[in-house]
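Let's take a friendly walk through a protein model, strand by strand. Have the sequence and the 3D view ready, and find each residue as we reach it.

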Amino acid sequence: QVQFVESGGGLVQPGGSLRLSCKYSGSDFSMYMMGWYRQTPGKQRELVATVALENKKNYAAFVEGRFGISRDNDNNILYLQMNNLKPEDTAVYYCMRPSAASNPSTHWGQGTQVIVSS
């Protein structure tokens, strides 16, 4: 079973930065669009950013200009550079293939917790 292992979260002050990483265990990483999602208690998981095969990137309006998504196809790693963090960015962050994200049977990783607080 393909696994996603997220890391890099932590506690950061408003205005600070973090870089999240997601290691993909499958051998077909380069064949898929990849995305970062986040979830807070009581809310649905929401899409943060995606990066397509040709490296085209899209961002949710609430992170546009602050976050940067990138991928390392040689090492099967997805990154999310988060700058100018705000308290409302506090969430558990997950990576996933957007093509699988809406499938109720999809197995998500454990995510990585980001807390933005002074």
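Start at Gly10, whose bridge partner in strand E10 is Val114. Keep in mind as you look that this is a predicted model. Gly10 and Val114 belong to the pairing of E2 with E10, which runs in the parallel sense over 3 bridges.

**The sheet of six strands**

Where does this pair sit in its sheet? The order of the strands is E2-E10-E9-E4-E5-E6, an open sheet of 6 strands with mixed pairing. Strand E2 (10-12) and strand E6 (57-59) stand at the edges, and each has a single partner strand, so one side of each is left without a neighbour in the sheet. From one strand to the next, the twist averages 25 degrees.

Now move along to strand E4, which spans residues 34-39. How many of its residues are buried? The count is 5 of 6, so to speak of E4 as mostly covered is fair, given that buried means under 20% relative accessible area. On one side, E4 pairs with E9 in the antiparallel sense over 5 bridges, and here Gly35 has Met96 in E9 as its bridge partner. E4 also pairs with strand E5 (residues 46-51), again antiparallel and over 5 bridges. In that pairing, Tyr37 finds its bridge partner in Leu47 of E5. E4 and E5 form a hairpin with 6 residues between them, and Gly42 in the turn has a positive phi of about 85 degrees.

As you follow a strand with your eye, here is a helpful rule: in a regular strand, the side chains alternate between the two faces of the sheet.

**The sheet of four strands**

The other sheet to look at is open too, with 4 strands in the order E1-E3-E8-E7 and antiparallel pairing. Its edge strands are E1 (4-7) and E7 (67-72), each of which pairs on one side only. Neighbouring strands here are turned by 15 degrees against each other on average, direction ignored. Within this sheet, strand E3 (residues 18-24) and strand E8 (residues 77-82) pair in the antiparallel sense over 6 bridges. Cys22 stands opposite Leu78 in E8.

Here are the bridge partners named so far, side by side:

| Residue | Bridge partner | Number of bridges between the strands |
|---|---|---|
| Gly10 | Val114 in E10 | 3 bridges (E2 and E10) |
| Gly35 | Met96 in E9 | 5 bridges (E4 and E9) |
| Tyr37 | Leu47 in E5 | 5 bridges (E4 and E5) |
| Cys22 | Leu78 in E8 | 6 bridges (E3 and E8) |

**The disulfide**

How many disulfides does a search of the whole structure find? It finds 1. Cys22 and Cys95 form it, with their sulfur atoms 1.7 Å apart. The link joins distant parts of the chain, since Cys22 lies in strand E3 and Cys95 in strand E9 (residues 91-96), 73 residues apart. The torsion about the S-S bond is about 55 degrees, so the disulfide is right-handed. Are its two cysteines buried or exposed? Cys22 counts as buried because its relative accessibility is 1%, and Cys95 is buried too, at 0%.

**A threonine in a loop**

Our last stop is Thr106, in the loop between helix H1 (98-101) and strand E10 (112-116). Thr106 has a relative accessibility of 17%, so this residue counts as buried. What does Thr106 touch, leaving aside its neighbours within four places in sequence? Its contacts are Met96 and Ala100. A polar atom of the Thr106 side chain lies 2.5 Å from the backbone oxygen of Ala100.

Notes. Residues numbered from 1 in each chain as written. Predicted model: local features only at pLDDT ≥ 70, side-chain atom pairs only at ≥ 80, totals over all residues. Heavy atoms only, no water. Pairing = 2+ DSSP bridges. Helix = DSSP H or I, 4+ residues; strand = E, 2+ residues; numbered from the N terminus. Axes fitted to C-alpha atoms, helices over the stretch in contact; angles between N-to-C directions. Buried < 20%, exposed > 50% of the residue type's maximum accessible area, 1.4 Å probe, protein only. Polar contact = N/O pair within 3.5 Å; in protein donor to acceptor, adjacent residues only side chain to side chain. Contact = heavy atoms within 4.5 Å. Disulfide = S-S within 2.5 Å.
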